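Got the viewer open? Let's walk through this one together, beginning at a single spot and then zooming out.

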Amino acid sequence: MRPLIRTFFRGVRLILTPFMLIGERLSRPRGIERDPADQARVDEQTQALALYHFPACPFCIKARRAMQRLSLDIELRNAQPAGPWREELQNEGGRLQVPCLRVEEEDGSVQWLYESDAIIHYLHSRFDPEQPEAAAPDSAPRS
Ligand SMILES: N[C@@H](CCC(=O)N[C@@H](CS)C(=O)NCC(=O)O)C(=O)O
């Protein structure tokens, strides 16, 4: 019975994927504009970040939209197909759930931040020029 249910949901996801991706593209928010020096500084900082995601996961779309709104160039790592990103997320992050933001700190340590709301909160607290002193995210990154 379980394989049948899994196949059913996989089929539903397969059918919905193109619609969700088209919807995301059509409703892409306008990113904030920074002066070039500020944007370069932000781009340098976001090199230490990577978002593990599934293309058609609604929680991932929410996180990607926040990145677009904040004009953040964060590497996307598709954890859907069996492959290195999926394994890395499971083994190093601790669970196979997306979205998950990998944060490499200046001292080389790595934090794995799960939960779309916590990720969005973290990105705003770090990169939203209108919210520079926002409180820490509810779900702290896991080392
Ligand atoms: N509360 C979580 C929900 C995330 C979630 O349910 N993600 C699903 C994909 S949409 C997932 O990772 N499922 C694991 C799997 O499909 O293997 C959030 O807001 O980030």
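**Stop one: a serine and its neighbours**

Select Ser116 and show what surrounds it: setting aside residues within four places in sequence, Ser116 is in contact with Phe59, Lys62 and Pro99. Keep in mind as you click around that this is a predicted model.

Now turn on side chains for Ser116 and Lys62. A polar contact links the two side chains, at 3.4 Å.

Is Ser116 buried or exposed? Its relative accessibility is 6%, and the cut-off for buried is under 20%, so Ser116 counts as buried.

Next, colour by secondary structure and highlight residues 116-127. That's helix H5, and Ser116 sits in it.

**Stop two: the whole chain**

Zoom out and switch to cartoon. You should find five helices and four strands. Trace the chain along the sequence and the order reads α-α-β-α-β-α-β-β-α. The radius of gyration is 16 Å, close to the 15 Å from the globule rule for 143 residues, so the chain is as compact as a globular protein of that length. Align the view to the principal axes, and the C-alpha atoms fill a box of roughly 55 × 35 × 25 Å.

Try a contact map here: of the contacts between residues at least 6 apart in sequence, 61% join residues at least 24 apart.

**Stop three: surface and charge**

Bring up the surface. The accessible area is about 9200 Å², with 54% belonging to carbon and sulfur atoms. Across the chain, 36% of the 143 residues count as buried.

Finally, colour by charge. There are 19 positive and 21 negative side chains, and the centres of these two sets are 11 Å apart.

Definitions and conventions. Residues are numbered from 1 along each chain as its sequence is written. This is a predicted model: local features need pLDDT of at least 70, side-chain atom pairs count only at pLDDT 80 or more; totals for chains, interfaces and linings use all residues. Side-chain values use heavy atoms; hydrogens and water are left out. Helices (H or I, at least four residues) and strands (E, at least two) are DSSP runs, numbered from the N terminus. The radius of gyration is taken over C-alpha atoms; the globule rule is 2.2 Å times the number of residues to the power 0.38. Buried means under 20% relative accessible area, exposed over 50%, partly exposed in between (1.4 Å probe, protein chains only). Contact means heavy atoms within 4.5 Å. Accessible areas come from the Shrake-Rupley method with a 1.4 Å probe; for residues, only the protein chains shown count as cover. Lys and Arg count as positive and Asp and Glu as negative; His and the chain ends are not counted. The place of a charge is taken as NZ of Lys, CZ of Arg, CG of Asp or CD of Glu. A polar contact is a pair of N or O atoms within 3.5 Å; within protein, one must be able to donate a hydrogen and the other to accept it, and residues adjacent in sequence count only if both atoms are side-chain atoms.
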